[in-house]
2 protein chains.
Amino acid sequence: MINISIRQLRYFEALAVHGHFGRAAEACAISQPALSLQIKELEDTLGAPLVERGPRHVTLTPLGETLMHRARAILLAVQEVGDLARAAASEISGPLHIGMIPTIAPYFFPEVIHALRQHFPKLDLVPRESKTKTLVEELKAGRLDIAIMALPLHDPSLQEMALFEEEFLLVRPPSHRSQPVPRLESLHKASLLLLEEGHCFRDQALDFCNITPDSNPSLMEGSSLSTLVQMVGAEIGLSLIPEMALPIETQSADVCVSRFEQNQPTRIIGAFWRKTNPLGTSLEAIAKVIGALRSEDNPLTSA
Amino acid sequence: MINISIRQLRYFEALAVHGHFGRAAEACAISQPALSLQIKELEDTLGAPLVERGPRHVTLTPLGETLMHRARAILLAVQEVGDLARAAASEISGPLHIGMIPTIAPYFFPEVIHALRQHFPKLDLVPRESKTKTLVEELKAGRLDIAIMALPLHDPSLQEMALFEEEFLLVRPPSHRSQPVPRLESLHKASLLLLEEGHCFRDQALDFCNITPDSNPSLMEGSSLSTLVQMVGAEIGLSLIPEMALPIETQSADVCVSRFEQNQPTRIIGAFWRKTNPLGTSLEAIAKVIGALRSEDNPLTSA
DNA sequence: TAAAAATACTCCATAGGTATTTTAT
DNA sequence: ATAAAATACCTATGGAGTATTTTTA
């Protein structure tokens, strides 16, 4: 029977990530020789080298690569076993890694954290803001427990739960205040300011306006909603912002914010977690608390 | 970070299987206190009891049950990491657990073992004979590396490889020798002898003859092909046997064996293994050697 | 009260630390 | 020549053994 230890897999993963015995050892909070020995032992039991030792950095051998995949899966499964305990406890406690997309995070995180502290005082919240793609990766790798993102996602390994619907609002320069609200379909002709590549809000907006980035030369980009609103205030163009950003982003800029008169676009925001996460039930309760914060004005559930 | 060891999971699995600290310890080749301590430690790190201690036997708590599922998955993944090494070696070696369905095993195992010893001398073959359902379970649990069964199976976690086609032959009492071969479709009117419930060969035969067990009161059952042939020899009825059983089973019985004149029924025999088994490539080579034994007379591949 | 698990203790294997040498560019 | 990994050696944690006590139907 093969005698590898979880410890060896942990060290090996660190070595793969850092590509350097010394730094990997540091990451594992052990000395470099200690890590070297465990790697050596792992190589011995497998009967083949796992890394190629270079003078400046080490790289994985093909066998090392395949082991890495399997090791990650095992380490995730082990971590989930650890979470079994927390799931069994009457009250959820310990660190909870929670992620949110950038177009929501700055406006929603404060109240989410406040509400979760109220409902689950034993929880130690570790918030993170990233784009959807990163959040999904982090969820799957077990570095996040739950993420708040826009639906739909269609990832079979993730559980999704819709929380509330959010409107897209039109932001125009102050000079437009007297003009009528343009129709959504006419926006492709305007100078539209949108978030840079990778933000789901950008894709949603493009989708609603029926725009492909190439076909619209007057499209301009910003890296945050705040920037966009400021640029609109400086008469550079129009933009869309999610409802949630309204109170904060329009405070410091002189802009004209309007709903559309018809075909008001919206997106649905939901919570996501690994289906295999033993904390599932707790995460559902947490998601419900988060959803309740917004569902008063915007109820998705008919409760 | 949770500090669970693979050792603890192994011991816990043994305890779950045996329901008894002493016997589980024996199965793990350690002393009872050693196992008790590891279980206790596991319970401590998870913060909740995993087993309910009874005076005669222990039973898993609900948490223990869920842990068991996850532990098995982890242990299987670890075992597969162990197999990575063997897969990396130039020549496949070590123990290979191979299963076969009962209607093939007695006739085919000898030549399969002989051929595999020739081609893979470092392999230590561990053969087992079981019905399809059991073989599938054993494959998935990692207690079998490869199984030879009838297609189709449609199990998404298993890789299948067709090896050869095998005919179903009609076995009649010696008195029928002068009579013409009945048509396959007329067999449901005859006194048909078939294998008992659970053999895939039985289901295949029923299927070919368009019989449902209930609708045919003259159906009789035996627990082995050998029994069936002997009963046919004793004029008790007719039967079907797979081609492969022919040389052995008809040696010691005075029966009349015939192919059908039309609609000759066949089944396809194939090899199966876990898709995640790192030995996959080796198992493919092994399966090819097995298939080559029969594909001379019965080629499935157009080689 | 009897079978079985928990506890007490002792021992040894091994993970980890520090100091040092070897290696490869 | 230098950064980095391997080796040597020591220490200490903890896993396993034997003997014994506690538990509970």
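Me: Where does P152(A) sit?
Reply: In this predicted model, P152(A) is in the loop of chain A that runs between β5 (146–150) and β6 (158–172).

Me: What kind of peptide bond leads into P152(A) from L151(A), cis or trans?
Reply: The bond from L151(A) to P152(A) is cis, and its omega is near -10°. Most peptide bonds are trans.

Me: And in chain B, what joins L151(B) and P152(B)?
Reply: A cis peptide bond, with omega about -10°. P152(B) is placed in the loop between β5 (146–150) and β6 (158–172) of chain B.

Me: Staying with the backbone, what is the sign of phi at A29(B), positive or negative?
Reply: Positive, at about 60°, although A29(B) is not a glycine. Most residues other than glycine have a negative phi.

Me: Where is A29(B)?
Reply: A29(B) belongs to the loop between α2 and α3 of chain B.

Me: Change of topic. How is chain A divided?
Reply: Into three stretches of assignment: domain 1 covers 6–86, domain 2 covers 91–163 + 269–295, and domain 3 covers 166–266.

Me: How many residues of domain 1 of chain A are in contact with domain 2 of chain A?
Reply: Six residues of domain 1 of chain A are in contact with eight residues of domain 2 of chain A. On the domain 1 side, two are nonpolar, one is polar and three are charged. The centres of these two domains, taken over C-alpha atoms, are separated by 29 Å.

Me: At what angle do α1(A) and α3(A) pack?
Reply: Helix α1 (residues 6–18) of chain A packs against α3(A) at about 110°, and their axes are 9 Å apart. Angles of 65 to 115 degrees count as roughly perpendicular, and α1(A) and α3(A) are therefore described that way.

Me: Which residues make that contact?
Reply: From α1(A), they are R7(A), Q8(A), Y11(A), F12(A) and L15(A); from α3(A), they are L35(A), Q38(A), I39(A), E41(A) and L42(A). By class, this contact has six nonpolar, two polar and two charged residues.

Me: Now the two chains. How many residues of chain B are in contact with chain A?
Reply: 23 residues of chain B, and they meet 23 residues of chain A. Helix α4 (residues 62–88) of chain B gives the most to the chain B side, with 15 residues. That side has 16 nonpolar, five polar and two charged residues.

Me: What rotation superposes chain B on chain A?
Reply: A rotation of 180°, with a shift of 0.1 Å along its axis and an RMSD of 0.1 Å. The two copies are thus related as by a two-fold rotation axis. Both copies use the same surface, as 100% of the contact residues of chain B recur in chain A.

Me: And how do α4(A) and α4(B) run, roughly parallel or roughly antiparallel?
Reply: Helix α4 (residues 62–88) of chain A and α4(B) pack at about 170°, with 10 Å between their axes. Angles over 145 degrees count as roughly antiparallel, and the pair is therefore roughly antiparallel.

Me: Which residues of α4(A) and α4(B) meet?
Reply: Among them are L63(A), L67(A), I74(A) and L84(A) in α4(A), and L63(B), L67(B), I74(B) and L84(B) in α4(B). R70(A), E80(A), R70(B) and E80(B) are also included. The contact has 18 nonpolar, two polar and four charged residues.

Me: On to the DNA. Which residues come nearest to strand C?
Reply: I30(A), S31(A), F21(B), P33(B) and S36(B), out of the 19 residues around DNA strand C. The elements giving two or more residues to that surface are α3 (32–46) of chain A, and α2 (21–27) and α3 (32–46) of chain B. The surface divides into nine nonpolar, five polar and five charged residues.

Me: What about DNA strand D, which residues come nearest there?
Reply: F21(A), P33(A), S36(A), S31(B) and A34(B) come nearest, of the 18 residues around DNA strand D. Two or more residues each come from α2 (21–27) and α3 of chain A and from α3 of chain B.

Me: Which element gives the largest share of the surface near DNA strand D?
Reply: α3(B), with four residues. By class, the surface near DNA strand D has seven nonpolar, seven polar and four charged residues.

Definitions and conventions
Residues numbered from 1 in each chain as written. Chains lettered and ligands numbered in written order. Predicted model: local features only at pLDDT ≥ 70, side-chain atom pairs only at ≥ 80, totals over all residues. Contact = placed C-beta atoms within 7 Å. Nonpolar A, V, L, I, M, F, W, Y, C, P; charged D, E, K, R; others polar. Near = placed C-beta within 6 Å. Domains from an automatic or database assignment. Axes fitted to C-alpha atoms, helices over the stretch in contact; angles between N-to-C directions. Parallel < 35°, antiparallel > 145°, perpendicular 65-115°, else oblique. Least-squares fit on C-alpha atoms with pLDDT ≥ 70 in both.
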